[in-house]
Amino acid sequence: FIFVIFMLTKGNITHQADYIAYFPSDDPVVKNNELILGYTGGAQSMNVTLKAPEGSDGYFLHPENLEKLNEIENKLQKLPNVQKITSFSTMLKNANRVMQGKYELPENKGLIMLLSRYLKLVNGQGISGTFISNDFNSVTIYIRTYDQENMKYITEAGIKTLSEQVDNIVSENISTDVDYALWGDTVLFMSASQIMNKEQVFSTDLSLFVVFLITSIVFKSVKFGLVSLVPLLTGIMTYYITMAVVGIPMDMTTIMVTNIAIGVGVDDSIHFLLRLRRQMQIEKSGIEDSFIKTFSVTGRPIILTTLSIIAGLLILCFASFKPIKYFSILVSISLLAAMLGTLLFIAVFINFACHKKKKTAPEIRG
């Protein structure tokens, strides 16, 4: 049941993009940030760089190519959460408004060349190095984004949707021989989320493998090594389920929970299995007596130690900084699930295996 719920909910885990949301709503940090963003229109960026084919002669100085670029920008400006667009064409339109009183692209290449030279003189190397290349074959559209409706940074889902929208608009309205690339802090955040997921999966798998390897060597049994992972997998799956259901985002703090849960939770399973192995060596008649005596000896210590750790961690739930609160909740729930996995699921797995062998105790080495 836990595994099924885990598979159904694991795709709902989000990553935190708005770190200001970690602070209490009445904190001066939050209020000052909202005030600044309300005036500036946000600071998140998603930029598009377009490159003309090799050997082009001032590709983006030609009026027809500039018009295509302008059409793309007009469509991008209509997207939700797009606050402002700055590019070579917008600067040309501003310059043309100063020269002729019209906020539109110049009608001929001569005027475009003249205005581009003026802009280059005014901005030094800024116009050529930032908005357009020196050979006029590469331009960059700077898109400033912000969730103005909710006065917050765009969420991970919003960033993904916006990236797809921008990609579709550019690909559908630019010539097939022009290459383009999306970049900026929002795109970097998406890459960081993917790297975070990849690294967490790798570190968790590595931790589980090391636990399996050590327990298999200690018990001289691959089966016992596999059984020792049952409580840990229970805790890890419960951790993911809690994040998905409650809505706790993945970040640099909550990502550490799985490894901590493995490191702490493995103590209970090893303690239980060591005692069970000893009892199984003594109780040759059947597995039931071995379980009863193992529970009577190890059950109370496992429960008390786990609950004492959880009690200490839950104090952090009163913290005003949300990552600390999330960390304590997730570690506590993971350890509780690992404890239940030790006291319930290990017994189920071993008992099932022994009943398949007609209740004869498995071979114990060492």
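Me: Hi! Let's start with the sheet: how many bridges join β1 to β3, and which way do the two run?
Reply: Hi! β1 and β3 are joined by eight bridges and run antiparallel. Keep in mind that this is a predicted model.

Me: Thanks. Which residue of β3 is the bridge partner of M46?
Reply: M46 is bridged to I143 in β3.

Me: And what is the strand order in the whole sheet?
Reply: The sheet is open, has four strands and follows the order β2-β3-β1-β4, with antiparallel pairing. At the edges are β2 (82-86) and β4 (179-183), each of which pairs on one side only. From one strand to the next, the twist averages 20°.

Me: What holds strands together in a sheet, generally speaking?
Reply: Backbone hydrogen bonds pair the strands of a sheet, in either a parallel or an antiparallel way.

Me: Back to β2, then. Over how many bridges does it pair with β3?
Reply: Four bridges, in the antiparallel sense, with β3 spanning residues 138-145. One position to look at is V82, which stands opposite T145 in β3.

Me: Which helix packs on the sheet and touches β2?
Reply: That's α7 (residues 156-173), which touches β1 (44-51), β2, β3 and β4. The direction of α7 makes about 25° with that of β1.

Me: What about α8, where does that one lie?
Reply: Helix α8 (residues 185-219) lies across β1, β3 and β4. Relative to β1, α8 runs at about 100°.

Me: So how many residues of β3 are buried?
Reply: Six of its eight residues are buried, so β3 is largely enclosed by the rest of the structure.

Me: New topic: helix packing. At what angle do α3 and α4 pack?
Reply: Helix α3 (residues 63-77) and helix α4 (residues 88-100) pack at about 100°, and their axes are 9 Å apart. The two helices are therefore roughly perpendicular to each other.

Me: Which residues make that contact?
Reply: From α3 you have L66, L69, N70, E73 and N74, and from α4 there are F88, S89, T90, L92 and K93. The residues of this α3–α4 contact divide into four nonpolar, four polar and two charged.

Me: Let's switch to aromatics. How many aromatic pairs are there?
Reply: The count is six aromatic pairs. Take F6 and Y240: their ring centres are 5.6 Å apart and the planes are at 55°, so this pair is tilted.

Me: Where do F6 and Y240 sit in the chain?
Reply: F6 is in helix α1 (residues 2-9) and Y240 is in helix α10 (residues 229-246). With their positions 234 residues apart, the pair links distant parts of the chain.

Me: Are those two buried or exposed?
Reply: Both F6 and Y240 are buried.

Me: Which residues form the aromatic cluster with F6?
Reply: F6 forms one aromatic cluster with Y239 and Y240.

Me: Last thing, backbone angles. What is the phi of N81?
Reply: N81 has a positive phi of about 75°, although it is not a glycine. As background, most residues other than glycine have a negative phi.

Me: Where is N81, and how exposed is it?
Reply: N81 is in the loop between α3 and β2. Its relative accessibility is 26%, so N81 counts as partly exposed.

Me: And what about K220, what's its phi?
Reply: K220 is another residue other than glycine with a positive phi, near 55°. You'll find K220 in the loop between α8 and α9 (222-227).

Terms used: Residues are numbered from 1 along each chain as its sequence is written. This is a predicted model: local features need pLDDT of at least 70, side-chain atom pairs count only at pLDDT 80 or more; totals for chains, interfaces and linings use all residues. Side-chain values use heavy atoms; hydrogens and water are left out. Rings of Phe, Tyr and Trp (its six-membered ring) pair if their centres lie within 6.5 Å; planes under 30 degrees apart count as stacked, over 60 as edge-to-face and the rest as tilted. Buried means under 20% relative accessible area, exposed over 50%, partly exposed in between (1.4 Å probe, protein chains only). Axes are lines fitted to C-alpha atoms, for helices over the stretch in contact, and angles run from 0 to 180 degrees between N-to-C directions. Angles under 35 degrees count as roughly parallel, over 145 as roughly antiparallel, 65 to 115 as roughly perpendicular and the rest as oblique. Contact means heavy atoms within 4.5 Å. Ala, Val, Leu, Ile, Met, Phe, Trp, Tyr, Cys and Pro count as nonpolar, Asp, Glu, Lys and Arg as charged, and the others, Gly among them, as polar. Two strands pair if DSSP finds at least two bridges between them.
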